[in-house]
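Please look through the sequence and the model before reading on. The report after it is meant for someone who has not met this structure before.

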Amino acid sequence: MRPLKLVMSAFGPYAGQTVIDFSKLGEQGLYLITGDTGAGKTVIFDAVSYALYGQTSGGVRDANMLRSQYADADTPTFVELEFSFRGKCYRVRRNPEYRRPAKRGGGMTKEKAGAELYYPDDRVPVTRMSDVDKSIVELLGLNHKQFTQITMIAQGQFRKFLDTNTDERSKIFRDLFHTYFFQQLQDKLKQDAAAKRNEFIEQQRRSEQALNGISCIYSVYTEQLQSFALRHYEGCVEEVLALVDMIIALDEKEQQQVAAAAAIVTKNLTALQDSLSAIDKKQQLEKYMQTTEVRIAGMQKQLEQEAAAAVQRQEALQKLEAEVNEAQKGEVELAQLQTERQQMAARQRELRQLQEMQQRYQSQEVALLQKRQEYKQACDNFNHLNELSDACFDRFLGAQAGLLAHDKLKPGKPCPVCGSCEHPQPVQLAQDAPTENDVEQARAKAEAAQKIRDGLIGEGKALKEHLELDKTLLLGKGVELLGCDDLKLIAERAQAELKDVNNKITSLRLKMGFLQEKVEQYRKLAKTLEQQKAADKQAEAAAQNLRQQLAGAEGQLQELKKQLAEQNELLTDVDEQKLQQEHEKLLVQQRELELQDKRLYAAIKNNQRIKQEVSGYEARRAACEAEYSLINSLSATLNGTLTGKKRVNLETYVQMHYFDKILQRANVRLLHMSRGQYELCRDKMQDADSKTGNSKTGLDLEVKDYYSGNLRSVKTLSGGESFMASLALALGLADEVQSSAGGIQLDTMFVDEGFGSLDDSSLQQAIATLQGLSEGHRLVGIISHVHDLQEMIDKKILVRKKRGLQGTGSEVALVVD
């Protein structure tokens with residue numbers, strides 16, 4: 001990422017709109033941000049960080065505190081950053097939440113925080129703040145914390161990345177070097193081991209639960225089962241299953257004895273059942289015979305009622321048929337009247353068309369007369385205007401001498417007609433003499449009147465031709481309809497005949513209305529007649545069916561009487577009460593034997609099921625135990641939890657490889673800046689001392705002092721030494737990230753203060769190191785008050801406070817030598 005242009009409006013100490021064009025600083029090298037204390041140098045870095053991530057660089061300033069206290073109330077607060085990434089330009093704009101004057105009604109209102117991201121192609125801009133945050137992280141490959149730790153060494157934050165522990169560095173490296181896969185593999189193995197252990201415990205629980213459900217009614221075996229249950233069947237499952245086989249064998253033997261007793265009871269019940277069935281059959285025959293007799297009596301009564309109703313229906317049908325025949329006569333007469341009415345209607349239309357032709361002819365006669373009057377008026381108007389035009393022209397010609405004397409004759413100047421310079425008696429110009437314009441207007445009016453007259457001649461001729469044509473058509477129609485070729489007689493005869501036709505149509509309409517009612521009555525009667533016939537037919541069919549049912553019922557009654565006589569002969573010497581008592585006794589014995597058999601069957605099936613389930617549980621438990629042992633060992637190895645071993649997991653081990661490469665790159669610069677005194681090293685002693693601890697190790701850091709030959713903590717470095725170490729580490733990290741992570745490109749770096757803690761020699765070495773970054777086309781911005789830096793660095797951003805008449809707030813100027 002490389003900033004191209006930064007716009008700050010009412011942001012921090014910048015009251016108005018301040019624009020910084022970073023593109024003028026070039027694509028590589030160093031530039032210095034310097035100026036008055038408190039003028040807003042660090043705010044420039046804050047603005048870049050806020051535009052990208054909605055947070056300031058050092059995390060000291062809250063977003064709600066960013067509105068300038070010097071800005072006018074109407075000036076909006078926002079930051080807009082144009083930046084390039086992988087050769088494409090993007091633009092992001094953000095504004096914090098702040099209070100502003102309301103656009104309506106006065107007072108103040110709250111401007112909500114917002115963000116917008118614009119792409120270099122035709123994609124729709126992202127306008128939701130959360131979506132902008134997500135898109136920036138996906139685009140740059142860095143979140144805010146990683147961005148500030150790698151590309152922005154903020155004031156007071158030099159030692160944070162230098163002093164952080166293994167856990168924090170691991171989180172940073174996970175995003176930068178994409179080691180998520182190793183962490184996911186570690187977690188997956190840990191989860192698989194836990195799942196397999198839970199499965200092992202679950203199989204053991206199921207086995208115990210199943211064994212607790214063994215069915216046993218034998219006291220000697222019950223005591224043994226209880227003693228096994230107190231031990232949770234640990235180590236004695238096979239012994240318990242053998243005991244279950246013995247219980248099942250005893251239950252099966254008893255079940256056979258119960259089945260034999262039940263067979264004897266069933267045989268006796270069958271013998272009794274035959275006698276009882278005969279008694280039941282007799283009772284059913286008696287009851288059924290009574291029901292049949294009642295049903296026969298009902299059908300006989302229903303047939304008598306149906307015969308009386310049939311006579312009434314026949315009388316009604318005869319009367320209805322007579323009414324239908326009478327109403328049917330009106331339908332023929334109605335058809336004749338309809339034909340006659342259609343003929344009268346056709347004659348009526350023809351006479352009306354003849355009248356319309358006559359009215360149109362009369363209207364055209366009136367129009368032609370009016371057009372002739374208009375033509376006469378137009379002729380009179382033209383003659384009058386033409387005479388006025390000629391008179392005006394004559395007066396104009398007569399006034400030419402006066403016009404010449406008035407406009408052209410001047411004392412001492414030659415006359416344009418005779419050439420004399422003396423003019424003793426010039427002609428006087430008449431007061432009412434027309435001008436040339438008056439003549440033109442009079443002539444134009446006469447010509448317009450002539451056009452109107454000529455136009456009326458053509459219109460009159462066209463009207464006369466239409467009139468002659470309509471007259472011919474009218475006479476032809478009169479001869480065709482009335483046999484008359486006189487216009488007056490045609491009108492009179494058409495009027496008289498039309499009146500007669502209208503009267504006839506009215507009379508026909510009245511007759512047809514009466515007949516229509518009669519026809520409708522016929523249709524309704526005919527429909528009713530059909531319905532009555534259908535109903536009569538259905539009633540007759542129902543009566544016939546009922547007669548057939550009656551005959552069948554009478555035959556069935558005779559058969560029932562015969563069967564009842566036979567049953568009475570069979571049951572002459574039978575004691576029904578004694579048979580019932582013996583039957584109830586056998587039923588009780590049968591139910592007791594069935595219950596005993598069901599209990600034994602259920603116990604046998606339950607114990608057989610338990611044996612089968614427990615055998616399966618035990619087999620799966622043994623398999624789970626073997627798998628758990630293997631997966632748990634592998635998980636402990638990858639997660640760094642093996643007893644007596646270094647607590648370094650797989651992900652940290654991979655990150656250690658990247659960390660060593662980062663330190664190699666960092667030490668090239670640190671040895672140069674410290675003149676060969678310091679080198680950064682991973683703290684391997686801590687790894688060795690934490691074999692049995694719970695802390696995560698592998699990415700801790702220490703420094704080797706070649707002057708003393710000792711290794712010591714980086715926390716013992718002085719301020720200047722810490723700055724050089726953190727700067728070297730940040731540069732090494734940036735180099736390694738770009739080298740190994742293809743999705744991250746760091747084209748810029750910001751360094752805020754820290755140079756004041758360096759001596760002259762160290763300062764020279766640090767600047768030389770930063771200048772060496774330009775080989776990678778990286779632009780490095782430095783904030784510092786150190787005077788020597790102003791002489792060393794040509795490109796500068798000068799920030800100063802406005803004073804006095806210049807206004808309030810701060811302003812920015814670029815200096816590029």
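What follows describes the chain as a whole, then its salt bridges, its cysteines and a patch on its surface.

## The chain as a whole

The structure shown here is a predicted model, and the values in this report should be read with that in mind. The protein chain contains 17 helices and 16 strands. Of its 817 residues, 38% are buried.

The accessible surface of the protein chain amounts to about 47000 Å², and carbon and sulfur atoms account for 50% of that surface. Among the contacts in the chain with a separation of 6 or more, 72% are between residues that stand 24 or more positions apart.

## A salt bridge between a strand and a loop

The count of salt bridges in this model comes to 21. One of them joins the side chains of K110 and E97, with a distance of 3.7 Å from N to O. K110 belongs to strand β7 (residues 108-111), while E97 sits in the loop between β5 (88-95) and β6 (98-101), so this pair ties together parts that are 13 residues apart in sequence.

Are the two partners buried, or partly exposed? K110 has a relative accessibility of 48% and therefore counts as partly exposed, and E97, with a relative accessibility of 35%, also counts as partly exposed.

## Salt bridges within helices

Two further pairs are each found inside a single helix. In helix α11 (residues 487-570), D500 and K504 are 4 residues apart, which means that about one helical turn separates them. These two residues form a salt bridge in which the closest N and O atoms are 3.6 Å apart. D500 is partly exposed at 38% relative accessibility, and K504 is partly exposed at 40%.

In helix α12 (residues 576-639), E613 and R609 are likewise 4 residues apart, about one turn of the helix. Their salt bridge has its closest N and O atoms at 3.0 Å. E613 counts as partly exposed with a relative accessibility of 26%, and R609 counts as partly exposed with a relative accessibility of 37%.

## A network of charged residues

Salt bridges can also link several residues together, as they do for E80, R91 and R93, which are joined in a network.

## Cysteines without a disulfide

How many disulfides does the model hold? The count comes to 0, where a disulfide would need a pair of cysteine sulfur atoms within 2.5 Å. Two of the cysteines can be described by their accessibility: C379 is buried, with a relative accessible area of 16%, and C392 is buried as well, with a relative accessible area of 9%.

## A nonpolar patch on the surface

On the surface, L671, Y706 and Y707 form a nonpolar patch, and together these residues have about 310 Å² of accessible area. One member of the patch, Y706, lies in the loop between β11 (701-705) and β12 (710-713).

Why does Y706 count as partly exposed? Its relative accessible area is 39%, and the term partly exposed covers values between the limit for buried residues, under 20%, and the limit for exposed residues, over 50%. The loop position of Y706 and its partial exposure can be viewed alongside its place in the nonpolar patch with L671 and Y707.

Key:
Residues are numbered from 1 along each chain as its sequence is written. This is a predicted model: local features need pLDDT of at least 70, side-chain atom pairs count only at pLDDT 80 or more; totals for chains, interfaces and linings use all residues. Side-chain values use heavy atoms; hydrogens and water are left out. Patches are made of residues with over 30% relative accessible area and no salt bridge: like charges are joined within 9 Å, nonpolar side chains (Val, Leu, Ile, Met, Phe, Trp, Tyr) within 5 Å. Accessible areas come from the Shrake-Rupley method with a 1.4 Å probe; for residues, only the protein chains shown count as cover. A salt bridge is a side-chain nitrogen of Lys or Arg within 4 Å of a carboxyl oxygen of Asp or Glu. Helices (H or I, at least four residues) and strands (E, at least two) are DSSP runs, numbered from the N terminus. Buried means under 20% relative accessible area, exposed over 50%, partly exposed in between (1.4 Å probe, protein chains only). Contact means heavy atoms within 4.5 Å.
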